[in-house]
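Please work through the following exercises with the sequence and the structure at hand. Each task is followed by a solution in steps.

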Amino acid sequence: MQLLHGTKTKVRWSIIGEQMDGRSGKQCRERWHNHLSPEVNKNKWSAEEDNAIIEAVHTFGTRWSEIVKMFPGRTDNAIKNRWNSMQRKETRRQKRMHDHSAFVAAAAQVAAQQAEAAVQLSGYAMTAPRDA
């Protein structure tokens, strides 16, 4: 932390990486900007933010570097992860709806077949000769 804020000059991530066993400067920079910086908003995503992400993706496509400007404190990586999570949830919801409607259609078809079989059996019982 002292290396980050000790001077007003540009942060030398390569020097920081050299002092971190097994880490590169790039890894340290990414960890700081995406996780450790106090500017990173780690709060739960709100419905308003979710709606804004949907609108932003419709407007900008998946240009996360443009979309991140609309979300102070959220990183481009966090926004992208949230978008992908929302997409997976929607895909699962659509699959459940499709599977449910397919089940309902199949159940209706079985019920119709059973009803037809019952009608045929009842008609057979009415017309069957009786033994005297």
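Helices (H or I, at least four residues) and strands (E, at least two) are DSSP runs, numbered from the N terminus. The model is a predicted one, in which local features need pLDDT of at least 70 and side-chain atom pairs count only at pLDDT 80 or more, while totals for chains, interfaces and linings use all residues. Residues are numbered from 1 along each chain as its sequence is written, and side-chain values use heavy atoms, with hydrogens and water left out.

**Exercise 1. Determine where Ile67 lies and which residues it touches.**

Step 1. Ile67 belongs to helix 5, which covers residues 64-67.

Step 2. Residues are classed by relative accessible area: buried means under 20%, exposed over 50%, and partly exposed in between (1.4 Å probe, protein chains only). Ile67 has a value of 0% and is therefore buried.

Step 3. A contact requires heavy atoms within 4.5 Å. Leaving aside residues up to four places away in sequence, Ile67 touches Ala56, Val57, Phe60, Gly61 and Ile79.

Step 4. Between Ile67 and Ile53 the C-alpha to C-alpha distance is 7.7 Å, and the two are 14 residues apart in sequence.

**Exercise 2. Describe the salt bridges of Arg74, Lys69 and Arg29.**

Step 1. A salt bridge is a side-chain nitrogen of Lys or Arg within 4 Å of a carboxyl oxygen of Asp or Glu. The structure contains five of them.

Step 2. Arg74 pairs with Glu49 at 3.0 Å, N to O. Arg74 is in the loop between helix 5 and helix 6 (76-127) and Glu49 is in helix 4, so this pair ties together parts that are 25 residues apart in sequence. Both Arg74 and Glu49 are buried.

Step 3. Lys69 and Glu66 form a salt bridge at 3.4 Å, N to O. Lys69 is exposed, at 60% relative accessibility, whereas Glu66 is partly exposed, at 31%.

Step 4. Arg29 forms a salt bridge with Glu30, their closest N and O atoms being 3.0 Å apart. Arg29 counts as partly exposed at 36% relative accessibility, and Glu30 likewise counts as partly exposed at 34%.

**Exercise 3. Locate Lys44 and state whether it is buried or exposed.**

Step 1. Lys44 is found in the loop between helix 3 (25-36) and helix 4 (47-60).

Step 2. Its relative accessible area is 77%, so Lys44 is exposed.
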